[in-house]
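Subject: Structure handover

Hello,

Here is the structure I promised to pass on. Please open it beside this email and follow along.

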Amino acid sequence: MSCANAKDESLLSFDESNKSVRRQDDVEGRTIVAKRLVFHLGGYDPLTPHATTRLRFVRELARFERTWSAKASMGALDESADQAKWSVITKGRNWQVESDYRLVRWDDVIEDFSGQTVWRRVPLGIIAFLDFIWSGALWGYLRTNWHYAVFFLYPFENLPLIVQCLAFAGKPVVSVSPVL
């Protein structure tokens, strides 16, 4: 994996064999990305793209500009029932990338599921978790990035602990509302 440094003409390259970054002064023959298509599949939170996600994108694009001494411009929002999209042009001293950014909307799925009772959602979440393990996806998470796997497992590890604490405190278990 490599990327051009916005401040000079040299190229930084990540060497997978020894997990180090090295500078390449000979930049001839490298592949330059001029256009890209980005599909964003958001998390399981009912955010409307125009109200929250796009504003977050604008904020982070400004941070990108400051961090990398680059310029960025964003096109208008084009929203439909299943996606929100906009274009982004980023420029540095010796590069330019045009990105077509598409946020896949699945707010309707999230709303339908969150309208169900806790007694229905918790068993469905446990079944989905077991399927996640059985299909090998968890092992892929662990193999690729164990930190993210721990982040993913955190709510599942806490659910039994929360239920035990509530049972010990004498509170009704009905009040448990885990985020799955």
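Let us begin at the surface. Trp 139, Leu 142, Trp 146 and Val 150 form a nonpolar patch there, with an area of about 420 Å². Two elements each give two or more residues to this patch: helix 4 (137-144) and helix 5 (146-169). Please keep in mind that this is a predicted model.

Take Trp 146 from that patch. This residue sits in helix 5. Is Trp 146 buried or exposed? Its relative accessibility is 51%, and exposed means over 50%, so Trp 146 counts as exposed.

Now look at how the two helices meet. The axes of helix 4 and helix 5 are 5 Å apart, and the packing angle is about 135°. An angle over 145 degrees would count as roughly antiparallel, and 65 to 115 as roughly perpendicular. Helix 4 and helix 5 fit neither class, so they are oblique to each other. Which residues make the contact? Helix 4 brings Leu 138, Tyr 141, Leu 142 and Thr 144. Helix 5 brings Trp 146, Tyr 148, Ala 149, Phe 152 and Leu 153. Trp 146 thus appears in the patch and in the helix contact.

**The whole chain**

Step back for the overview. The chain holds 5 helices and 8 strands. Read from the N terminus, their order is β-β-β-β-α-β-β-β-β-α-α-α-α. The chain has 180 residues, and 20% of them are buried. Its exposed area is about 13,000 Å². Carbon and sulfur atoms supply 60% of that area.

How much of the contact set spans a long stretch of sequence? Take the contacts between residues at least 6 apart in sequence. Of these, 42% join residues at least 24 apart.

**Salt bridges**

Next come the charged pairs. Side chains of opposite charge can pair when their charged atoms come close. How many salt bridges does a search of the whole structure find? The search finds 5. Here are three of them, one by one.

Start with Glu 60 and Arg 63. Their side chains form a salt bridge at 3.3 Å, N to O. Both residues are in helix 1, 3 residues apart, so about one helical turn separates them. Glu 60 has 30% relative accessibility, so it counts as partly exposed. Arg 63 has 45%, so it is partly exposed as well.

Next, find Lys 85 and Asp 78. Their side chains meet in a salt bridge at 3.9 Å, N to O. Lys 85 is partly exposed, with a relative accessible area of 24%. Asp 78 is partly exposed too, at 42%.

Then go to Glu 79 and Arg 105. The closest N and O atoms of this salt bridge are 2.8 Å apart. Where do the partners lie? Glu 79 is in strand 6 (residues 78-79). Arg 105 is in the loop between strand 8 (96-104) and helix 2 (107-114). The two are 26 residues apart, and the pair links distant parts of the chain. Glu 79 is partly exposed, at 32% relative accessibility. Arg 105 is partly exposed, at 21%.

There is also a network. Arg 59, Glu 60 and Arg 63 are joined into one by salt bridges that share partners.

**Two residues to check**

Find Thr 90 in strand 7 (residues 83-91). Is Thr 90 buried or exposed? Its relative accessible area is 11%, and buried means under 20%, so Thr 90 is buried. What does Thr 90 touch? Leave out residues up to four places away in sequence. The list is then Leu 61, Phe 64, Lys 71, Ala 72, Trp 95, Gln 96 and Val 97.

Last, look at Ser 69. This residue has a positive phi of about 50°, although it is not a glycine. Ser 69 lies in the loop between helix 1 (49-68) and strand 5 (71-74). Its relative accessibility is 44%, so Ser 69 counts as partly exposed.

Best wishes

Methods: Residues are numbered from 1 along each chain as its sequence is written. This is a predicted model: local features need pLDDT of at least 70, side-chain atom pairs count only at pLDDT 80 or more; totals for chains, interfaces and linings use all residues. Side-chain values use heavy atoms; hydrogens and water are left out. Patches are made of residues with over 30% relative accessible area and no salt bridge: like charges are joined within 9 Å, nonpolar side chains (Val, Leu, Ile, Met, Phe, Trp, Tyr) within 5 Å. Accessible areas come from the Shrake-Rupley method with a 1.4 Å probe; for residues, only the protein chains shown count as cover. A salt bridge is a side-chain nitrogen of Lys or Arg within 4 Å of a carboxyl oxygen of Asp or Glu. Helices (H or I, at least four residues) and strands (E, at least two) are DSSP runs, numbered from the N terminus. Buried means under 20% relative accessible area, exposed over 50%, partly exposed in between (1.4 Å probe, protein chains only). Axes are lines fitted to C-alpha atoms, for helices over the stretch in contact, and angles run from 0 to 180 degrees between N-to-C directions. Angles under 35 degrees count as roughly parallel, over 145 as roughly antiparallel, 65 to 115 as roughly perpendicular and the rest as oblique. Contact means heavy atoms within 4.5 Å.
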